[in-house]
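Reader: Hi, I'm new to this one. Could you put it up and walk me through some of the strands?
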Amino acid sequence: MKKYLLIMALIFGWISLSAQTSKIENAGFEKWEDVVGIPSNHPEPVDWSTIKSSDSSHINLVAPVNWAQSDVAHSGNYSVKLFNVSSFGLVATGTLTNGRIHSEMNPDSSYVYTDTTNPLWRTPFTGRPDSLVGWFTYQPVSGDHGNVTAILHTGYAQSPPANGDSSTWIAKAFFDLPSIVIKTWTRFSVPFKYYSDKNPQYILLVLTSGNGTKAIAGSSAKFDDLDVVYNTTGIKTHNRAGLQVFTSYNKLHIALKNAPQGIYRIRVLNILGQVQYTTSLKSGENETISLSLPPGIYLVQAQQDNNVLVKKVMIR
């Protein structure tokens, strides 16, 4: 019995550890905490850090608060709000990371990194997900745009990489917020681009409300419910009532096979619902549409009168 219980404990312990190292910590921003050196009315989300908890103690004292706990959430009670603030003639971009910020008075010398020597500034992660997803709203100043970055890596890593050295990077997912006002919670989904077949050790996430060192004061963004998505099937070809969609060599291919007779309006939309391509295709004809599109998640629609066929596909 003891041996059985030990085996079960090891199995469930391994499952628990695997789950813990394949997800994003406090991804819904429900947990917040006071941090030494930061006023108590400005808590940070647990497992995340800001410019005022950077590794530069002299800058922490004068750095502006450019984040807030928001009770306007996609789900749960809270989300995180980031906003760009003008300070000392510079713009402090609203930035949140699960690593640590290295701050300099010269913004071009600042970066975000995983401190592998300190559990406060590192997030173990051993999975190989297909994509990064989350929800956001955005109020940009004209000409500005925030972004979301996720880097899977081994050992030490920073963003942007020092001297362009990204040799420890296993994969990267990157989402540019649109330069338009998004008032309602909107889902984003971006694929991970893999550079290595190794398994990562850590995940480094960076959320911003502005365009890095070119950010404009006044832009603000809210983020909630971040997650990673795993594809366990490996199937890239999908059929739904005659609509065939598949990817190869980073191209999207669309065909109608055994669909009800008629001329179909074909539309390809990105994850924001923006139409990227439209044409017509007649069912029964041996024709395949091939498109070159940026990496991302797309919806393919084929409509003929009240007959609508829809399929989601990822281009890596």
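Author: What follows is a short talk about a few strands and their partners. This is a predicted model, where local features need pLDDT of at least 70, side-chain atom pairs count only at pLDDT 80 or more, and totals for chains, interfaces and linings use all residues. Residues are numbered from 1 along each chain as its sequence is written, and side-chain values use heavy atoms, with hydrogens and water left out.

Reader: How many residues of strand β17 are buried?
Author: In β17, residues 220-229, 8 of the 10 residues are buried, where buried means under 20% relative accessible area with a 1.4 Å probe and protein chains only. Strands here are DSSP runs of E with at least two residues, numbered from the N terminus.

Reader: And which way does strand β4 run against β17?
Author: Strand β4 (residues 79-83) is antiparallel to β17, joined by 4 bridges, and two strands pair if DSSP finds at least two bridges between them. Phe83 stands opposite Ser220 of β17.

Reader: What about strand β10 and β17, over how many bridges do they pair?
Author: Strand β10 (residues 131-139) pairs with β17 over 8 bridges, in the antiparallel sense, and there Val133 has Asp227 as its bridge partner.

Reader: Changing topic, what is the strand order in the open sheet of 4 strands?
Author: The order is β22-β21-β24-β25, with antiparallel pairing. Its edge strands, β22 (275-282) and β25 (307-315), each pair on one side only.

Reader: Which residue in β25 is the bridge partner of Ala302?
Author: That partner is Leu309, and strand β24 (residues 296-304) pairs with β25 over 9 bridges in the antiparallel sense.

Terms used:
Buried < 20%, exposed > 50% of the residue type's maximum accessible area, 1.4 Å probe, protein only.
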